[in-house]
Amino acid sequence: MNITKISNKYNVKKLNYENVEDIYNLSITNPQYFYHCPPMVTYETIKDDLYATPSNCSIENKFYLGFYEDEKLIAILDLILNYPDKNTAYIGLFMVDSNFQGKNIGTNIISEMIEYLKNIYSFIKLGYVSTNLQSKNFWKKQGFDEVDVVEQELYKVVRMIKKLN
């Protein structure tokens, strides 16, 4: 995947351990996310998330991406390709710095990503914590449909899907 083609508006980079502080600084601007989806972010949880994949997924399909405006990290996207099947891309996390929310930046990023992925994949799937109405409203606005609800240890996850072609 050529990550530079995901966005025409933002500089997209694959993030790694060198970016942990920037990811942390963006994440802590969103305490509501961690209220619904504990635990609160730490440097260690970020380091784990950077390379975490589902058990039946190859690390080569994991893209923990940063979206930059000039040199400022304004959004992060954890994208897993070919998961849970070869026709699907999975969003594990999408977060916009709260200082940049309400300006259609998140919508623009997701719209550009969908436009790029629609020629490669048939579906995008994701999940959000059922109590997080901000997430629910955002993903519905992007055209995702609810599939089902899965009980987790700490919360319920609403699984969603968007058909691309």
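Biologist: Is the crossing of helix 1 and helix 3 left-handed or right-handed?
Modeller: The crossing of helix 1 and helix 3 is right-handed. A crossing is called right-handed if the near helix is turned clockwise from the far one by less than a right angle, and left-handed if anticlockwise. Please note that this is a predicted model, in which local features need pLDDT of at least 70, side-chain atom pairs count only at pLDDT 80 or more, and totals for chains, interfaces and linings use all residues. Residues are numbered from 1 along each chain as its sequence is written, and side-chain values use heavy atoms, with hydrogens and water left out.

Biologist: At what angle do helix 1 and helix 3 cross?
Modeller: Helix 1 (residues 20-27) and helix 3 (residues 43-51) cross at roughly 110°, and their axes come within 10 Å. Helix 1 is therefore roughly perpendicular to helix 3. Angles of 65 to 115 degrees count as roughly perpendicular, those under 35 as roughly parallel, those over 145 as roughly antiparallel and the rest as oblique. The axes are lines fitted to C-alpha atoms, for helices over the stretch in contact, and the angles run from 0 to 180 degrees between N-to-C directions. Helices (H or I, at least four residues) and strands (E, at least two) are DSSP runs, numbered from the N terminus.

Biologist: Which residues make that contact?
Modeller: Helix 1 contributes V20, E21, I23 and Y24, and helix 3 contributes Y43, I46, K47 and L50. Contact here means heavy atoms within 4.5 Å. By class, the contact residues of helix 1 and helix 3 are six nonpolar, no polar and two charged. Ala, Val, Leu, Ile, Met, Phe, Trp, Tyr, Cys and Pro count as nonpolar, Asp, Glu, Lys and Arg as charged, and the others, Gly among them, as polar.

Biologist: And how do helix 4 and helix 5 pack?
Modeller: Helix 4 and helix 5 (residues 133-141) pack at about 45°, with axes 11 Å apart. The two helices are therefore oblique to each other, and their crossing is right-handed. G106, T107 and I110 of helix 4 meet F138, W139 and K141 of helix 5. Those residues divide into three nonpolar, two polar and one charged.

Biologist: Staying with helix 4, is I109 buried or exposed?
Modeller: I109, which lies in helix 4 (residues 105-117), is buried, with a relative accessible area of 1%. Buried means under 20% relative accessible area, exposed over 50%, and partly exposed in between, for a 1.4 Å probe and protein chains only.

Biologist: What does I109 touch?
Modeller: Not counting residues up to four places away in sequence, I109 touches Y10, F67, A75 and F94.

Biologist: Y10 caught my eye. What are the contacts of Y68?
Modeller: Y68 is also in contact with Y10. Leaving aside neighbours within four places in sequence, the other contacts of Y68 are N11, K13, L15, N19, D22 and L73. Y68 is found in strand 2 (residues 62-69) and counts as buried at 4% relative accessibility.

Biologist: New topic: how many disulfides does the structure hold?
Modeller: The structure holds zero disulfides, a disulfide being a pair of cysteine sulfur atoms within 2.5 Å.

Biologist: Why is C57 not bonded to C37?
Modeller: The sulfur of C57 is 19 Å from the closest cysteine sulfur, that of C37, which is too far for a bond. C37 counts as buried at 16% relative accessibility, and C57 counts as buried at 11%.

Biologist: Where is there a cis peptide bond?
Modeller: One joins P38 and P39, with omega about 5°. P39 lies in the loop between helix 2 (31-36) and helix 3. A cis peptide bond also joins Y83 and P84, with omega about 0°, and P84 lies in the loop between strand 3 (72-81) and strand 4 (88-96).

Biologist: What about N82, in that loop between strand 3 and strand 4? What is its phi?
Modeller: Phi of N82 is near 60°, a positive value in a residue other than glycine. N82 is partly exposed, with a relative accessible area of 32%.

Biologist: And what is phi of D70?
Modeller: Phi of D70 is likewise positive, near 60°, in a residue other than glycine. D70 lies in the loop between strand 2 and strand 3 and counts as exposed at 69% relative accessibility.
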